Amino acid sequence: MVCTVLIEGKEIRVNSGANLLWAALDNELYIPNLCGIRGIEKPPASCRLCFVEVDEKSEPVTACTEKVRDGMIVRLESPKIIRLRKTAFDLLLSDHNLDCAHCVKNKKCELQNIAQRMHLKLNDKRYKKIGKNLPVDSSHPNFVFDPNKCVLCGKCVWACRREGIGVLDFAYRGIQTIISTFAGMPLAETNCTACLECVKVCPVAALYMK
Ligand code: SF4
Ligand code: SF4
Ligand code: FES
């Protein structure tokens with residue numbers, strides 16, 4: 001059933017039960033997002049950038065986990081939403097090895113795009129910088145994995161599983177969380193088939209071609 005939704009004053013018609021993030025993006029209503037994956041059943045909702053306000057809910061919700069309903073009213077730009085997104089963005093950057101000028105993803109990076117669209121600085125000094133200083137894995141003949149640039153969006157894990165390989169996964173918990181191979185094995189020694197789907201989905205310079 002097609003339903004009508006009001007997003008930031010714009011009326012859109014979309015299938016009832018569709019995902020709010022993609023419904024908005026498909027209708028040129030921008031919601032920042034890093035970990036959103038179109039069509040998956042249980043979105044990880046880890047980046048916390050896609051907060052929106054929905055009429056009948058008292059607290060902001062993540063658009064990537066919200067389904068649209070007929071008559072739904074959604075706000076994208078309230079002061080509370082902007083504050084929440086900025087905090088999430090600054091936290092993401094707090095342990096990011098920021099060096100755009102020398103980065104392979106410079107000018108093609110989703111963090112830069114989000115910063116520009118949200119009028120935010122990449123090098124905000126609000127939170128103390130925590131250097132990860134993790135070893136870069138360049139063992140693979142085709143691509144490099146630099147965990148110091150990883151924003152833990154999980155897209156590579158999902159892409160690797162979708163290909164039926166499952167070489168990449170989350171390891172450890174909390175602030176220690178990283179993306180890793182089994183037991184931290186070098187990529188060249190894993191079952192990686194070099195499909196390069198992980199590189200294609202990585203929004204930053206954590207996975208990049210040699
Ligand atoms: S990944 Fe993006 S934000 Fe990070 S250093 Fe590279 S270009 Fe800059
Ligand atoms: S390596 Fe890239 S795709 Fe994988 S979690 Fe990190 S930022 Fe996301
Ligand atoms: S896209 Fe919704 S939390 Fe990341």
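1. Which elements do the buried residues of α4 pack against? They pack against β7 (169–171), β8 (178–180), α5 (197–201) and β9 (207–209), with contact meaning heavy atoms within 4.5 Å. Helices (H or I, at least four residues) and strands (E, at least two) are DSSP runs, numbered from the N terminus.

2. A quick word on the ground rules. This is a predicted model, where local features need pLDDT of at least 70 and side-chain atom pairs count only at pLDDT 80 or more, while totals for chains, interfaces and linings use all residues. Residues are numbered from 1 along each chain as its sequence is written, and side-chain values use heavy atoms, leaving out hydrogens and water.

3. Back to helix α4 (residues 155–162): Lys155, Cys156, Val157, Ala159 and Cys160 are buried there, that is, under 20% relative accessible area (exposed is over 50%, partly exposed in between; 1.4 Å probe, protein chains only). After α4 comes Gly164, with a positive phi near 80 degrees.

4. Now look at ligand 2. It has 13 residues around it, the closest being Cys150, Cys153, Gly154, Cys156 and Cys202; a residue is near a molecule if one of its heavy atoms lies within 4 Å of it. The shell holds 12 nonpolar residues, one polar and no charged. Here Ala, Val, Leu, Ile, Met, Phe, Trp, Tyr, Cys and Pro count as nonpolar, Asp, Glu, Lys and Arg as charged, and the others, Gly among them, as polar.

5. Finally, try finding Gly131 in the loop between α3 (110–117) and β6 (143–145). Gly131 is exposed, at 56% relative accessible area. Its C-alpha atom is separated by 35 Å from that of Ala24, 107 residues apart along the chain.

Methods: Chains lettered and ligands numbered in written order.
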